[in-house]
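Welcome along to this little tour. Have a look at the sequence and the model, and then we can talk them through together.

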Amino acid sequence: AQALRLGYDEIELPSALGSANEADRPATYVRFIEERKEDFAWENDLAAFRVYSRFAGDGTASGVDFWSKCVDYPIIDEWYAHSGNGRSYHKYYGQGADFYTVGKGRGIGGTGVWCDGKLYCSKNYANYKIIRNDKEKIEFVLYYQPFKAGDRIIQETKRIEMVCGTNFYKVTATFEAQDGKDVVVAAGITTFGEADVTKDPQRGLVWANEHIKNKLDKPMCDAHSFSAVVVEPGRLVDMV
């Protein structure tokens, strides 16, 4: 604007400015985090998630962790890099934070097998395959070791897809029973114990509204976390 006022309508620069920082643009992204106990993380412009490997310790399983974002550009690489340099992603620095606690629960959208009134789950993921990883869409497969559901042996494979503009990631989970019989598959969400849970079987939807005050190590106003799972209503057996 100042140049135009001075009569310049064209300016030659020694090097091109290019577009805005490419790293600060909305995108989908997925990565195997070898440097941090082989986590596996993915994100879009609204949310980030991760699962743990066997190196994460006995306090974890196959549940899905959630990273809350308040920016629309990718943060996975940056947060892991900062964590490696001593700046925890459990603290808020303006981009969001990891306030969610999964433990051995299902996290947000973790799966399992429902058998004899109990939930049986695979342990941490064992292997992975990235099918697509670009700015418009990610798609990958997670493989799990066989696990027991009652007296049955189950093998689980999970295909996950995500695009921009949604808080949901899509899961196509395959469970193979050693005896060849059908299994009842469960998908769940972990809460901190004081959630307002709503069940909507007509839409195959269950969601939790949870107060998360003081979950982050920073002064903040009251906030709420909404987590949900939606399944094909015609295949719904029960909500527990």
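What follows is a conversation between a visitor and a guide.

Visitor: What kind of model is this, and how are its residues numbered?
Guide: Happy to start there: this is a predicted model, in which local features need pLDDT of at least 70, side-chain atom pairs count only at pLDDT 80 or more, and totals for chains, interfaces and linings use all residues. Side-chain values use heavy atoms, with hydrogens and water left out, and residues are numbered from 1 along each chain as its sequence is written.

Visitor: How many helices and strands are in the protein chain?
Guide: Helices (H or I, at least four residues) and strands (E, at least two) are taken as DSSP runs and numbered from the N terminus. The C-alpha atoms of the protein chain fill a box of roughly 80 × 40 × 40 Å along the principal axes. Within the chain the count is 2 helices and 16 strands.

Visitor: What percentage of the 240 residues count as buried?
Guide: Buried means under 20% relative accessible area, exposed over 50%, and partly exposed in between, with a 1.4 Å probe and protein chains only. The protein chain exposes about 14,000 Å² (Shrake-Rupley method, 1.4 Å probe), and carbon and sulfur atoms supply 49% of that area. Of the 240 residues, the buried portion is 37%.

Visitor: Which strands each supply at least two residues of the largest nonpolar core?
Guide: A nonpolar core here is a set of buried Ala, Val, Leu, Ile, Met, Phe, Trp, Tyr and Cys residues joined through side-chain atoms within 4.5 Å. The largest one has 23 residues, and Phe-40, Trp-42, Phe-49, Phe-140 and Leu-142 touch the most other members. The strands that each supply at least two of its residues are β1 (29-33), β2 (39-43), β3, β9 (137-143) and β11 (152-163).

Visitor: How many residues are in the second, separate core?
Guide: Its members include Val-71, Tyr-73, Ile-76 and Tyr-80. In soluble globular proteins, nonpolar side chains tend to be buried together. This second core is made of 11 residues.

Visitor: In the hairpin of β1 and β2, which residue in the turn has a positive phi of about 55°?
Guide: The two strands run antiparallel and are joined by 5 bridges (strands pair if DSSP finds at least two bridges between them). Ile-33 has Asp-39 in β2 as its bridge partner. There are 5 residues between the strands, and the turn residue with that phi is Lys-37.

Visitor: Is Glu-38 exposed, partly exposed or buried?
Guide: Glu-38 sits in the loop between β1 and β2, and its phi is near 60°, a positive value in a residue other than glycine. Because its relative accessibility is 25%, Glu-38 counts as partly exposed.

Visitor: Which residues does Arg-54 contact, leaving aside its neighbours within four places in sequence?
Guide: Arg-54 is found in the loop between β3 (47-51) and β4 (65-69), and it is exposed because its relative accessible area is 54%. Contact means heavy atoms within 4.5 Å. By that test, the partners of Arg-54 are Glu-38, Asn-124 and Tyr-125.

Visitor: Why does one side of β7 and of β13 (184-189) lack a neighbour in the sheet?
Guide: The open sheet has 3 antiparallel strands in the order β7-β6-β13. Its twist averages 50° from one strand to the next, with axes fitted as lines to C-alpha atoms and angles run from 0 to 180 degrees between N-to-C directions. β7 and β13 stand at the edges, so each has a single partner strand.

Visitor: Where does Asp-116 lie?
Guide: Phi of Asp-116 is near 55°, a positive value in a residue other than glycine. Asp-116 counts as exposed because its relative accessibility is 69%. Its place is the loop between β6 (108-115) and β7 (118-120).

Visitor: How many disulfides does the structure hold?
Guide: A disulfide is a pair of cysteine sulfur atoms within 2.5 Å. Cys-121 is in no disulfide, and the nearest cysteine sulfur, that of Cys-115, is 12 Å away. The number of disulfides in the structure is 0.

Visitor: Which are the edge strands in the sheet ordered β14-β15-β16?
Guide: This is an open sheet of 3 strands with antiparallel pairing. β14 and β15 (residues 205-211) pair over 5 bridges, and Thr-198 stands opposite Trp-207 in β15. The edge strands, each pairing on one side only, are β14 (196-200) and β16 (224-230).
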